[in-house]
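Biologist: Before we discuss this model, I should like each term to be justified. Please set every value against its cut-off and then conclude.

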Amino acid sequence: MKNLIVKDLRLATHPITIIYYILAGGMMFIPNYPRFIGFFYILIAVFITFQTDLQYKDREFCGILPVSKKETVISRTIVVSMLEIGVILISIPCAIISKLVLGSTFPENDAGMNTNLTVFASALVAYGISNIIMIPGAYRKSFQIKMRFFIAMFVFIAVCGIMEFAVSGIHGLEYLSSDAAADLVRQIPALLIGIALYATLTFFACKKAIKEYERAEV
């Protein structure tokens, strides 16, 4: 399993992913900017990873290795999760530094939620839903990743947009948009729910992908 993960990181993960990480962290410093945009780019990195498989016939290569299809799918799901969680982990210190440096000049984000735990929770939920759309499609016999990527892209934007609307339009949820210390503490349950949903959705995406791969000829 470890060797499969290393193989994916070295051969399937495109170097442009580093640029997406830099963009995600850098966008935390842009005043009055939708915070979800930075997280969106990593979906492109995931799509490129699966497209690289198709181009270089990675599924055929893995098919002749002494590993099971289940192991192949699990290792790829782990790599996808590493990409998604990694961009969030990089963004957290950038968000803290941005608040310390720019907080007094730009106390509120006029383009949406302030950078807080709700933002990260929403991104995790959107990633989980995107995974359950994209990952199984990548292991279907017809390799449906391209169309599923566009669907996942739309769903990611929709989920984040719904969260933005909910915290700004529903009375009593305003604290979810705040970055005040007291409100951040109140947002911890939202973050825990986001983590749980991400893990659950990604787990089911992996199980579905294993079934699809086992039905495929390769």
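Modeller: Let us begin with the salt bridge, for which a side-chain nitrogen of Lys or Arg must lie within 4 Å of a carboxyl oxygen of Asp or Glu. Please bear in mind that the model is predicted.

Biologist: What makes the pair of Asp8 and Lys7 a salt bridge?

Modeller: The closest N and O atoms of Asp8 and Lys7 are 2.9 Å apart. The cut-off is 4 Å, so the pair qualifies. Both Asp8 and Lys7 are buried.

Biologist: How do you know that Arg76 and Asp53 form a salt bridge, and what does the pair tie together?

Modeller: Their side chains meet at 2.4 Å, N to O, and a distance within 4 Å is what the term requires. Arg76 belongs to helix α5 (residues 69-102) and Asp53 to helix α3 (residues 36-56), so the pair links parts that are 23 residues apart in sequence. Arg76 and Asp53 are both buried.

Biologist: Why is the pair of Lys208 and Glu212 called a salt bridge, and where does it lie?

Modeller: The closest N and O atoms of Lys208 and Glu212 are 3.4 Å apart, within the 4 Å limit, and therefore the term applies. Both residues lie in helix α9 (residues 188-215), four residues apart, which is about one turn of the helix.

Biologist: Which of these two residues is buried, and which is partly exposed?

Modeller: Lys208 has a relative accessible area of 39%. Buried means under 20% and exposed over 50%, so Lys208 is partly exposed. Glu212, at 6%, is under 20% and therefore buried. As for shared partners, salt bridges join Lys7, Asp8, Asp53 and Arg76 into one network. The structure holds eight salt bridges.

Biologist: What makes Thr77 a buried residue, and which residues does Thr77 touch?

Modeller: Thr77 has 7% relative accessibility; the limit is under 20%, so Thr77 counts as buried. Thr77 is found in helix α5. Leaving out residues up to four places away in sequence, Thr77 touches Ile135, Thr202 and Cys206.

Biologist: Which residues have the most contacts inside the largest nonpolar core, and which helix gives the most to this core?

Modeller: The largest nonpolar core has 50 residues, and Phe39, Phe50 and Tyr127 have the most contacts inside it. Helices α2 (17-26), α3, α5, α6 (117-138), α7 (145-169) and α9 each supply at least two residues of this core. Helix α6 gives the most, with 11 residues. Beyond its neighbours within four places in sequence, Phe39 is in contact with residues including Val87, Phe120, Tyr127 and Phe156.

Biologist: How do you know that the chain is as compact as a globular protein of its length?

Modeller: The radius of gyration is 18 Å, close to the 17 Å that the globule rule gives for 218 residues, so the description holds. The chain contains nine helices and zero strands. Its C-alpha trace spans about 60 × 30 × 25 Å along the principal axes. Of the 218 residues, 46% count as buried. Among contacts with a separation of 6 or more, 82% involve residues 24 or more positions apart.

Biologist: Where in the chain is confidence lowest, and where is it highest?

Modeller: Confidence is lowest in helix α4 (residues 58-63), at a mean of 78, and highest in α9, at 94. The mean pLDDT of the chain is 88, and 99% of its residues reach 70 or more.

Note on methods: Residues are numbered from 1 along each chain as its sequence is written. This is a predicted model: local features need pLDDT of at least 70, side-chain atom pairs count only at pLDDT 80 or more; totals for chains, interfaces and linings use all residues. Side-chain values use heavy atoms; hydrogens and water are left out. Buried means under 20% relative accessible area, exposed over 50%, partly exposed in between (1.4 Å probe, protein chains only). A nonpolar core is a set of buried Ala, Val, Leu, Ile, Met, Phe, Trp, Tyr and Cys residues joined through side-chain atoms within 4.5 Å. Contact means heavy atoms within 4.5 Å. pLDDT is the predictor's confidence in each residue, from 0 to 100. The radius of gyration is taken over C-alpha atoms; the globule rule is 2.2 Å times the number of residues to the power 0.38.
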